[in-house]
Every structure is written in C-alpha cells, then in structure tokens.
Amino acid sequence: MMAGLQWELPPELCCRPMAFVALTGLDVVYNAVHRAIWDVFSTNRRADRVPISFKILPGDHEYPKCRTKRTSYEWYIPKGILKTLWMNKHLNLVPALVVVFYELDWDDPQWKEKQSECATKVEIVRSSLQSRNTKVAVVLIQKKTPLPPGEDLVASERAAALCHACDLSGKSLFVLPHTDHLVGYMIRLENAFYEHAQTYYYNEIRRVKSHKEFLNKTTHQLLFVRHQFKIAFFSELKQDTQNALKHYRTAYNLVQELRAYESNMLEIKTLAGFINYKVCRLCFQHNTPLDAISQFRKHIDLFKKKIGCAELAFEHAAWMSKQFQSFGELFDEAIKLGLPAIQTQNPGFYYQQAACYSQDRKRQALQLSQAGAVYPSSDPLDTQNAGLDYYGQRPWRQGHQSIDPPDQDKEKRGILALQIKERDVPHSEVIITLLSNAVAQFKKYKCPRMKSHLMVQMGEEYYHAQDYAKALKLLDYVMCDYRTEHWCGIQSAILTTALHCAYLMASVKDYIIYCMELLGRASTLTNEQKSRIEQNLIKVLKNKIPDAEPQCDQSSAAAARAMWNESMTSCSSNQCIIDVQDYIPFIQCKAKFQSPSFHVDQAIQLQVFLRVDCPHPISFTKLAVSLSNQEYNQWCVVEATSQECKLLMPGKTKCYNFSFVAKTKDIGKKIEVTGIEVMFGSGRCVFLRWRGAGGDAALTQEVLQSNRSSGGSDAEEELDWDRLNILQSTMIISRVPKVHVELHHQPPALSNEMYCIHFTVQSLEDALSKDLKLTAGLKPGQDANLSQTTRVTLDNSKVCDDTALPLLPDIPLGNLEAGEKLEKCVYVTCSTTGPRLFLFHVAYSVDVMVDGRQIVCKCQKDETITIETVVPFEVSANFMSTKLEPLEQVAVDIPFLMLTEIQSLSPWPLLLASSSLQNFTMKTNTPQQLHQVILKKDECASECFSLLCPPLNNNNNNTVATGQYLISWRRQSSSPDSPLIETTVSLPHVLLESVPLHIHADIPSFGRVRESLPVCFHIENRTSLVQEVQIAVEPSDSFMFSGLKQVHLRILPGSEQQMLYNYYPLMAGYQTLPQLSINVSRWSNNAYNLKRFLPHRVFVKPQGKDLDNDSIAAA
C-alpha cells in the first residue's frame, strides 16, 4: 500500500468473501467442450447459486508455500497484527479445493494408460500444494450419459480402481456427462464442490483455534487479534456470517485492549477500521441497522481523539473521513437492497461528516511549516516494490513494535516525506466528491436546507480549486433559497465568494449583479466594504477596470486583469440588461397607480418610487415605464438633463409622477405596468429591469414584517418605503353620466295588461348631450322563460302581439340641451306572473376637456326596477238545474243553468267592458249581462246563462267541451283610448247522460189545506223502443190523493203519456208530495235519475177564513 494512504480500505476487505476453487485440466481456448463447461461456471451466476469463486489454473501451478508449522510460541514476538497479503492469499491464491478435469469414459479402450495419466496429474497437484490442507477432487468428462448407480458394474469397478490409483475417497470423484442437460449436472457439481470447500474452511478454523493454548496475553496480544480476525474471515468464506460477526466483535474488543502509543497508533486504528467495517457490513447484511449504527458510533467515540503523531495529524483526519465515508457507502448499499431510511438518519449525514474531516485534513496540510523543505534523497517510503508486510505500519520501520522509533533520523525523514506527499493530494477534489454524495442523499430524502448548505461548501471548494465557473454556478443556484428565506448573513458570505469568482473570471454581468446585491439592504458588509464595492461598480459603469478583490489569489488576479482589459475594449458588450426581480439589489423600485380605477375624463396618475441603499449618492441615466398599452409609454419616461432630478440619495425615497389621458377605446380595459427600466452608466450602459410594478426577492418578507409593526401617521413628510404598496393595474371606466333619470309606474302589473312606465330624463351636463339613446325592457341574464312571456312596446294603440321584443335596443331620443327634460312612455305586457327586472339604459356622447385636450366621452346610465306581475281576477263557472241544484251530469235537450263569477284580485279598480261566450256548443238565448262594470279588490260580478245541450252525433263521447268565456277589460285608471285586454277563460267540460224517459209535472205554485191540488205528470219516451213502465204512488201523511195508485204502461217510441192526480193537502207549510215510484223494465238503473225531474215539495197555505176587507188590509 502506498505510504500515506494506509487508511484506504483494501479491495479484498470490501468484497464479499467466497470459497476459492481452482479448476485444472480445462483447455478453454482450443477445446469447445471445456469452454462450454467454463462458461457455465463463470457466467450468469444468479443469487440462488452457491457462492464460489472459480479460477482456471494449470496443472503444475505453483501455489503459495506453506510456512513451517510453529510448535511453540514461547519466545515468539509478533511483528504486526495482520499481514497485507493474507486476505488476498486466501481469496485468490490458496484454493479450498482443486478440481482436476480429465476426459475419460468407463469403456475407454485405453483405460489403463489414461488411469495412470489421471493419477499422475493428481499427484502433480498435490505436490504443488506443498502440504496444504486443500482438498483435491477429480471430474471425469464423459460423452455418454451414465446409467443409474448399481446398474453399471464396470463403471463401479473402474471408479473404485481410479480412486485407489489417485488416493481419493469416493466422494471426491465425479462424472460430468457432456449432454443436453449440462447445466443441471454442473449445478449439482457446484454444490458438491461447495461442501468440500466448507469442510476445508472448517478445518482451517479449527487449526487457528488450536493455537490459542500456546499464547499468553503479555507478549501475544497482537496474535489474539490476528487469530480472531482469521477465524472470522474463514467463517465468512464458509458463509457462516453469524459466527463471523461474533469473532469480529471479539477481535474489535481485543484491539481496544492493545497498548497504544505513538509508534503503533496508526496500525491499531487501521485494524480497528477494518474490523469495524466488517462488523457494520454484517449487521446491515443481517438487517439489524441499529446495531451497525451503534457499533459505528462506539468506534468513532473510541478513536476520534487518538491522533497519534502530532506532525502527522492530517493522517488522523483522513482516517476519520474514510471511516465516515465507508459507513455511508455501507448504509447506502443496504438501502438499495431494501433497508428503509428517514430524513434524520440517512447516508447523507455520514458523507457530510466525511467531508468535514477532509476539510480538517486540508486545513492541517496547509498549516505544515515545510514550505522550503526538500524531499529526502533516500526515499523513506520506498519499500522496493514489495509493499508493506503488515497493515498500518510505517515503511521505514516495518516489524518494529517498540515504543520509541529505532532510528530518530529516519523517523524525521519519513515524517517529512509524508508531509511533502500530502501537499500533492487534491484535497478539494476529495471534498467535492464527498459533498456531492451527501447532496445527492439529502436531495433524495427531501432535506432542502441541508442540500443548500452543502452546495455552498461545494462552491467554496471549487473556488479554492480555482474552478471558478463551477463555483459560480453552484453558488448562484443556492442563493435563491437564501434570498427567499432572508438569511442575510449567509447570503452576504455567498455573495462575497461569488463576487470573487466573477472578478477572477472577468464576467462583467455577474460582477455587476453581485456588486449591486452586496450594496443592498440585505447585505451585512461594513460601510467601508460597501464603499469599496460601490467604487468598483462605478468604475465598471464608466467602462474602467475595477480593483482586484481582497484575498484573491495573486496569480489568478493577474490573469483576471488581462481578461478585464479584453472585456473593456470589446465594443460588442457595452450594454448589459439585468432582470433584478430575483435579486435584492441596492436600488429598490415600486410603482403604483393613484387609484384602482380612473374615469375616461380623468388624467391617469402613475407614481414610481426609487430608493438606494448604497453608502454614497448615485445617478441614473434614464427611467422608463412599460405599460400594457404601449401607446402610453411615451408619457412615462424620465430623461431630464438636470442631474439633481436623477441623483438618488442613500436611504431617501424619490418619487417620479407621470400623467396621461386614456383613450376612449380603452374603456372597460385594464392598464397594467408590465415593466420598469432604469439605466445606469455612461461608458457602459446597464439596464436594470423590473417585471411588473417593481419589488424584489425580499419584498414579500418585508411587507409581512411591515404589516405586523405598528402603524404611524400618514402625514409624515418622509415617505415610509415599507408602507408604499404596489398597485400594478388600474381600470379605465366610462365617464360619470350627468343626467337624471326618473321612472314612474303603478305596481303591481296585471297579467296581459299594457303596463305603462313613464320614463323621464333630464340633462345635468354643461354642454349638449348628443345622440341620446334609450334601451328599455327586460334585463338580460334572467330566466329564459321570462323572455318568452314579456313584450315591450312604445305604441299603446294596440295590444302587443308575439312580434314585440322583450328588450327594445337603441331607441333614438335625439339631442338634449343642458337642463332640458324629455319624457317617454314604455308599455310592458307580461303574460305570466312573478317578479321581473327591467333595465332602462341611457347612452349619449358629450365633448369634454381633459388636460387641455378635447375628447368625446360616451356616457351611460342604467336604472333598473323590479315589477311584480299578478293575476287581475279569478273566474269560476258552475252548472245547476233549473231548480238551482248543482249538476254533475247534464241530460240532452233538458234545460239547465250555468253561473259564472268574476272575483277581482287587483289592488286597482278594474273596468269590465263586456263578456261573451265563444265557441259555445250549447244552445242559449241569454243576452249579455256585464257591461261597463267596475270591480274593486275582492268584489265579484256574476252572470247566469240558460243552456240546452243539443243531441250529439258521436254517442261514444260522454264528455263535451262547453266553450270559452271572453272578458274584455282594462285598468280603470288607464286612458280611455287605451285598448281593451281580452282574457279568454276555458269553461269546464260537462258530462252527458242518456235519459230514456223524460218526466215532468204540471203543478200549481202553491196549494191550500183541504182544497184540491191538480197535478199532471207527462212521461215521454225518447228511445226507439217501446218502453214498459210501472208507476206507483207512495202514500204521504201530508196528502190524500185520487188517481191511479199503481199502473202499468206501454209507451211507444217518441210518444208521451199523461198521468192525472188530485192531491188533497192536510197540513200547511212546505210539505213533501206523494212520490212516484217509476220502474222501467229496460232501464232499471235509472229510476233514481227520473225522480230528479219530479217536484218534491210544495207550499201549502192554511185554510182561509171569511174576513172583511179592513182586516185583510190591516194584515
């Protein structure tokens, strides 16, 4: 191992130990069968195959010699803990099993000769192993598939003979048929090899353990550690990881017990690091990560203060860095295999700590006071290409375990050589690699602040490594987070490093940006530092070379001046545009409109506030504001020649006012500030550009803090910058109309009436109002059904029809002089009830003067009213018999009555002009009864019609539509010339019944007690059949009668029969007449229906007395 790099972990320690099996007798170059066998052994080794490392060796290969077995340790003093070649020897040089491949079939005709040849090859291998315990096995490559065991007696005999000739046991002889199932045979063969290797390593462990009884803890402490390490390593080769972990832990504990002093500290730490690595790796492998973390922390706590030689302290930092890096790699590897990790415990922390120790190593290396030292002529680190014998020992005193160095001069030369070698180590490269690994982990586990912190360190390392482009790229990337979170101190430190990089790269734009930020309010630099930076910035603005930044590397600064010279003389790069929205520069900018909206006849007022935070006053060349409508940009520019106008004082807020007149085409549109540009410099023009209305990366945080602070007086003379709010846009709205609009009407509106709304407009303008137009009607945006049932008109001479519109647009009203008044009547017809919103929109144009300019303003005024529509009246119709009894059914050709009633629901009096029946199916001769009737609220008007239902042609339909009731009406208060509204009401249907017989009676209007009362019953047959009728008179207590009490009649079709009776009243008052019981044999169900045509009662007067005329007159 190279001197000075003893802390590096050897590859044989980091790899997975696997049993080493040597294969001899295979010619993979010229023999295709042998090549196929080797390919199966070496390629596509999946996880389910046994862990074996195969290697092809020649049959006479010389294996490492086996040392003479020691019989006593009484006078033996160990020279070190672990030899550097021991692990590699057992991994790659000393096999656990040597397999001799030989082509030989059981029926080979030259069996004897080939058997002897095979035995010779085995004997050569045994002699090459030189008394080692390595197992030897023979594999016969055969062309034929062997028979099952016991069936081929020749094969059994010859196998026994071959084993005897080669001095092999039966378990060490194998047959490999080269058939189609080669892979299956090979896997079985591998498993047999693995068993032999297991036995070898088991014996090796026993052999090492047998030495323990010869050791003592006084002089053989190193051997105790060595033997435990060997047992653990052999256990790993045996794949017994549990026992391996146990013995590694024992070895680690024994290392702690070793007597440590300056001369052997490096060896102890090296071996402790090796063993710790093995313990942690096995813990992760056993899925016990907490044990691995605990072991590592214990390891660090034990050795972090064991520095060793003070002059080589950088070696301790390097060793500590390697410990953290190795554990981070183990942790990361375990995570890739499925181990879960969290934000607070992930490999990134270990990579970060490794980087920290590497930074310590770098600092310690820079502090070495060997500036003029010369490397020793005789190299004390040279080991004549043989390498170190033991891990962790110095090349100039290998094998020495004494407390003091054997040669002090040699010791000093060795230390000097290590120190000089340390100067050539690329420390920054090592640190950047570790930080990069840590950043990747923190990014993976979503730790943004840790990631940013480490990226800053990476940028600083790139700066120290003089890779300024990468340093600037990293620092610029992380500065956004620190600006947003307002970490002023960190931000200033990063900016200072970035400024150095920009200067050394001669990057003019970056240099200007970082100068501006370091002069800003977020910078924590002193005033002296800011003054120097401001002077450099002014030099750059004048196209001069700035002074070098302090603490810059002198050679790099000299090269930078040459690049600055080239940049300053280049004509193509004299202009620089910087978007400062994402920075916190020394100049702040805010813009605001004085109002969220302006009328078109008002001048738009825009204010731009500028403030600088640099130590000294500074002047700008030009200020320009960009608006969403570029036609207004010409009015928002500051290019005054006055230096005082453009001089900005530190800490003072300066306001620039702009005013312009909006165009009428922009009414209803927003005007936004899209950008602000301030130009600095004369020799070199630098344009600082703000998006929107200003602000920067720290504005949100400052506004929040300002809102939390207590408010001050608004009347302060000095503008408070933190309380200046940005107002980026304003709305252009139409001019305020100077007209007075009145609407007069009498709500509610009645359904279907011509509802009048009196519209009055009066001009309050000082000038002539031109092109006055009125839009009146239903306001858009309401229910679509309302548009179908609402009509608006200006003509009241006729009722609105379906061609009328719900909204009348742009009704021309002409011009209106100042103070003039105009009236108009608008008529609205609503066919359904409910509320409606009506719009009256007045539009006109007028000439006005704004800032000395005459413009034509279009003014608009809206008035809305809600009108409720109600039903004017309710109409009901009832059918009654001539006796004023309600009818459910109507008989054909039998008179009946219809009573109609109109009830007013209007709050206003109604004039009922007339009424009539339309489309009437009944016969009537009743004249019109309603004429010019006035109804007030809740009053009723009734009509009675005598009707007769004629015979119908269609006898199947029993229901007949009566017709329609037409009412002509208007509001009483309306003009007499206004048209009448005709409301049509559908009358109810009637149900017809079929009456076979019609019976009616002729009876006096009254009778008198004990005087004859003649009654004649007429029975008419209305059918085409002869009807048999049985009539019986039911007795009554109020009457006696004469006539047929019971009779049977036959009535011919269309003929009539009369029945004559004399009733003799017995009591006065309303008396029930004797009832006729009528039974029609063909229509037995209609007996009750016939009775309804007969009189039921009659009024009987009492018997009269002979009174004189005076008495009668008195009564």
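# A guided tour, pocket by pocket

Select α5 (153-166) to begin: among the elements lining the second largest pocket, α5 gives the most, with five residues. The model on your screen is a predicted one.

**Stop 1: the second largest pocket**

Stay at this pocket. Its space comes to about 740 Å³. Now add β5 (173-177) and α6 to the selection; like α5, each supplies at least two residues of the lining. The lining has 26 residues in total. To find the centre, select Trp106, Gln142, Pro146, Leu147 and Val175, which lie nearest to it. Colour the lining by class and you get 16 nonpolar, five polar and five charged residues.

**Stop 2: the largest pocket**

Next, select α3 (86-93), α6 (182-209) and α7 (221-237). Each of these helices supplies at least two residues of the lining of the largest pocket. The volume here is about 960 Å³. Which residues lie nearest the centre of the largest pocket? Pick out Arg67, Lys83, Trp86, Lys89 and Lys230. They belong to a lining of 35 residues. Colour this lining by class too: 15 residues are nonpolar, seven polar and 13 charged.

**Stop 3: along α7 and past its end**

Keep α7 and hide the pocket. Put a distance between its end C-alpha atoms: they are 25 Å apart. That agrees with the 24 Å that its 17 residues should span at 1.5 Å a residue. Is α7 enclosed or open to the outside? Here 17 of the 17 residues are buried, so the helix is largely enclosed by the rest of the structure.

Step just past the helix to Gln239. This residue sits in the loop between α7 and α8 (241-257). Its phi is positive, about 65°, although Gln239 is not a glycine. Most residues other than glycine have a negative phi. Gln239 is partly exposed, with a relative accessible area of 21%.

**Stop 4: α9**

Select residues 265-285, which make up helix α9. How far apart are its end C-alpha atoms? The distance is 30 Å, in agreement with the 30 Å that 21 residues should span at 1.5 Å each. Show the surroundings and you will see that α9 is mostly covered, with 20 of its 21 residues buried. After the helix, click on Asn287: its phi is positive, near 60°.

**Stop 5: the nonpolar cores**

Now go inside. In soluble globular proteins, nonpolar side chains tend to be buried together. The largest nonpolar core of this model has 194 residues. Select Trp564, Phe586, Ile587, Leu623, Leu627 and Phe840, the residues with the most contacts inside this core. α9, from the last stop, gives the most to this core, with eleven residues.

Zoom in on Phe586. Beyond residues up to four places away in sequence, Phe586 touches Met516, Leu519, Gly520, Leu537, Arg611, Val612, Asp613, Cys614, Ile618 and Phe680. Apart from the largest core lies another, of 30 residues. Its members include Phe1017, Leu1073, Leu1094 and Val1098.

**Stop 6: two strands**

Select Lys55 in strand β2 (residues 52-56). Lys55 counts as partly exposed, at 31% relative accessibility. Leaving aside neighbours within four places in sequence, Lys55 is in contact with Phe20, Val21, Ala22, Leu23, Trp38 and Asn92. Then draw a line to Leu93, 38 residues away along the chain: the two C-alpha atoms are separated by 9.7 Å.

Jump to Leu816, in strand β23 (residues 807-816). Is Leu816 buried or exposed? At 0% relative accessibility, Leu816 counts as buried. Its contacts, again without neighbours within four places, are Val761, Gln762, Ser763, Leu768, Ser769, Leu772 and Leu822. Ser769 is 47 residues from Leu816 along the chain, yet their C-alpha atoms are separated by 5.0 Å.

**Stop 7: two backbone details**

Find Lys446 in the loop between α14 (427-444) and α15 (448-464). Lys446 has a positive phi of about 55° and is not a glycine. At 63% relative accessibility, Lys446 counts as exposed.

Finish at Pro748, in the loop between β18 (739-744) and β19 (749-750). Look at the peptide bond from Pro747 to Pro748: this bond is cis, with omega near -5°. Most peptide bonds are trans.

Technical notes
Residues numbered from 1 in each chain as written. Predicted model: local features only at pLDDT ≥ 70, side-chain atom pairs only at ≥ 80, totals over all residues. Heavy atoms only, no water. Helix = DSSP H or I, 4+ residues; strand = E, 2+ residues; numbered from the N terminus. Expected span 1.5 Å × (residues − 1). Buried < 20%, exposed > 50% of the residue type's maximum accessible area, 1.4 Å probe, protein only. 1 Å grid on protein atoms, 1.4 Å probe; cavity = no way out; pocket = protein on both sides within 12 Å on 5 of 7 lines; lining within 4 Å. Points joined across faces, edges and corners; volume = space filled by probe spheres on them. Nonpolar A, V, L, I, M, F, W, Y, C, P; charged D, E, K, R; others polar. Core = buried A, V, L, I, M, F, W, Y, C linked by side-chain atoms within 4.5 Å. Contact = heavy atoms within 4.5 Å.
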